[in-house]
Every structure is written in C-alpha cells, then in structure tokens.
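Me: I would like to go through the aromatic side chains of this model and ask, for each label, what it rests on.

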Amino acid sequence: MYDHAGHELGASDRDTRFGYSVAAMSGTVLGGAITTCGAGCFMFLCVQVFFFKMATLIVATIVFSVVYALFWFMPLVAHFGPEGKQGHLDFGAMKNAVCGK
C-alpha cells in the first residue's frame, strides 16, 4: 500500500504515504489477527496436548506478527521510507541495458 500510494495516487512524501497505508490496511490486519487469535483461543480449551500446542503456536505467531507489522515496521517506514523518486527501480531501463537495446 505504501508503494501504491506513491505510484497510483501521486503521493510523494512519506507522511501522505504512511497515512494512506495505515488507513487502508490497519483495519484489515487487525481484523485478520482478531479472527485468527479467536480461533486459536478456542483451541486452548481442548483436552489433547496437540491442540493446546497448536493454539499456542497460532496465537503467538499472530501476536508477534501484528506487533512487528504495526508497531515496528510501520514507524520504520514513516521515518526512513522512500520519498519522491528515491528507491524507484526502472525495470525497463535495466532490461534495455542488459539486452542491449
């Protein structure tokens, strides 16, 4: 979404790209995390050890991924993400340089 805001919407500064990305994706990420953790929480009630361990794996994976995505990666992008044409790779020019056109 961060890249989409730059190419499709014409947002060139970090603040606009960051705001668009958070508005567009944070609800989806949190919704998916809540439903997956909910399914994992029901598995904690199972008697068999396998299901309890599987629930632990599911819930831990989702919690760590949400913390990483929303509270580490997004602030990192807000501070150090590309701005303007920085980081833009022109694949057409690369292809022409390699193929000799």
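Me: What makes Y68, W72 and F73 a cluster?
Reply: Y68, W72 and F73 are linked into a cluster by ring pairs, where rings of Phe, Tyr and Trp (its six-membered ring) pair if their centres lie within 6.5 Å, and planes under 30 degrees apart count as stacked, over 60 as edge-to-face and the rest as tilted. This is a predicted model, in which local features need pLDDT of at least 70 and side-chain atom pairs count only at pLDDT 80 or more, while totals for chains, interfaces and linings use all residues. Residues are numbered from 1 along each chain as its sequence is written, and side-chain values use heavy atoms, with hydrogens and water left out.

Me: How many aromatic pairs does this rule give, and why is the one between F44 and F52 called edge-to-face?
Reply: The count comes to four aromatic pairs. F44 and F52 lie 5.3 Å apart, centre to centre, with 65 degrees between the planes, so the pair meets the distance limit and is edge-to-face.

Me: Why is the pair of Y68 and F73 called stacked?
Reply: The centres of Y68 and F73 are 6.4 Å apart and the planes differ by 25 degrees, which is under the limit for stacking, and therefore the pair is stacked.

Me: How do you know whether W72 is buried or exposed?
Reply: W72, found in helix 3 (residues 49–80), has a relative accessible area of 47%; buried means under 20%, exposed over 50% and partly exposed in between (1.4 Å probe, protein chains only), so W72 is partly exposed.

Note on methods:
Helix = DSSP H or I, 4+ residues; strand = E, 2+ residues; numbered from the N terminus.
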